[in-house]
Amino acid sequence: MNVRTVVLTAVVLILIIAFCCEYFYTHNPSSAQEKVSLQRYVIDDAGRNVTLPANVSRVVAIGPGMLRLICYLNATDMLVGIEQSELQWGPTGRDYAMAYYDEFKNLTVIGPGGPGKAPNPELLLSVKPDLIIMSEIYCQFIDPDTLQREVNATVIVLDYGPAGYLDFKELNNSLTILGIALNREDRAKSLINYIQSIVDDLNNRTNNITMRPKVYVGAVSYKGAQPFTSTQSPFPPLSLLNTKSIADNYSNKTGFVSLDFEYLISEQPDVMFIDEGNLQLVKQSFESNPSPYLQLNAFRNGEVYGILPFNYYDTNIATALADAYYMGKILYPDRFKDINPAEKANEIFNEFLGKPLYQEYSAAYGGFKCLSNAFG
């Protein structure tokens, strides 16, 4: 066979192969696009365009609130690691930990966790995650792209608002992104719709009330335990009830507010709530010096009530919503006469975490109740 024949034969073979490929891809468009369709993207809360793995089965969460979101989306079966702080703190007070702590105990530690603690790439690498869900606050410790390279795992940065607040726009965005990443899109949509139904229900019950009581919420935690004169403005469950706290008029400052007894006595709130996470601290203060407390009409009239703490390693969304129904029952009984707060709390916990947690909260903190007998 001469050179000319060889060249002609090769050209013919190339043309035949090219024709076959074109025919195959023309008649099998799904196969041609399969590789493209496997590429999934999200834009995370750090503004990064993140290419998601084709298959996600090994997931870790680092930083405040991230493990909570994974639990809310019923994706604990994907977890392959846990922060040390989650184990050290025990389950009490974090709604997701109260529901899933027995599962957490069997996971490998992937870093210290907790406020002000940097992630540990070496420990993260040891569990070979496909996906790392990182709190935006951790960006101050490590660049997410750097962490992604060091661990060889996709990193998504999320944030659902400041701790102790209810930023539903940010929450919905984070749930949507995470739903896509974890293939839990239907679950994310269902939870978002449920949350909106709660918000709408609370608004419909309270949006046209003309006469509102003066309200104060005391002993609200901020970077640790706080006394009775510490509060938050605005207070999220009250905001859901279209109701202000007397602290909202104290200054232009929002967030943590430290009042003094003189202001409380001058304002004389009709109803007061105490964050039960700090109830023992308030009791000790009362026993030491009851005089300023007894100058408050609400104390003398027995209008002091306990609510569940909802801020622990970011906001316990479910607990905050449960508090709102109890506070509504106390403040506007005619508008909430169909509501049993304990039953409603369990409905909310069931929807978020698949377990009724109110009795566990009640055992740990006291539950929804009047505190008039707590101060003798």
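Biologist: How many helices and strands are there in the protein chain?

Modeller: There are 18 helices and 13 strands, read as DSSP runs (H or I, at least four residues; E, at least two) numbered from the N terminus. This is a predicted model, where local features need pLDDT of at least 70, side-chain atom pairs count only at pLDDT 80 or more, and totals for chains, interfaces and linings use all residues. Residues are numbered from 1 along each chain as its sequence is written, and side-chain values use heavy atoms, leaving out hydrogens and water.

Biologist: Is Thr-76 buried or exposed?

Modeller: Buried means under 20% relative accessible area, exposed over 50%, partly exposed in between (1.4 Å probe, protein chains only). Thr-76 counts as buried because its relative accessibility is 13%. Across the protein chain, 50% of the 376 residues count as buried.

Biologist: Where is Thr-76 found, and which residues does Thr-76 touch?

Modeller: Look in the loop between helix H4 (66–72) and strand E4 (81–82). Contact means heavy atoms within 4.5 Å. Leaving aside residues up to four places away in sequence, Thr-76 touches Ile-70, Cys-71, Tyr-100 and Glu-103.

Biologist: And how do I read contacts over the protein chain?

Modeller: Take the contacts with a separation of 6 or more: 69% of them join residues 24 or more positions apart.

Biologist: What share of the accessible surface belongs to carbon and sulfur atoms?

Modeller: Accessible areas come from the Shrake-Rupley method with a 1.4 Å probe; for residues, only the protein chains shown count as cover. Here the protein chain has about 17,600 Å² of accessible surface, and carbon and sulfur atoms hold 51% of that.
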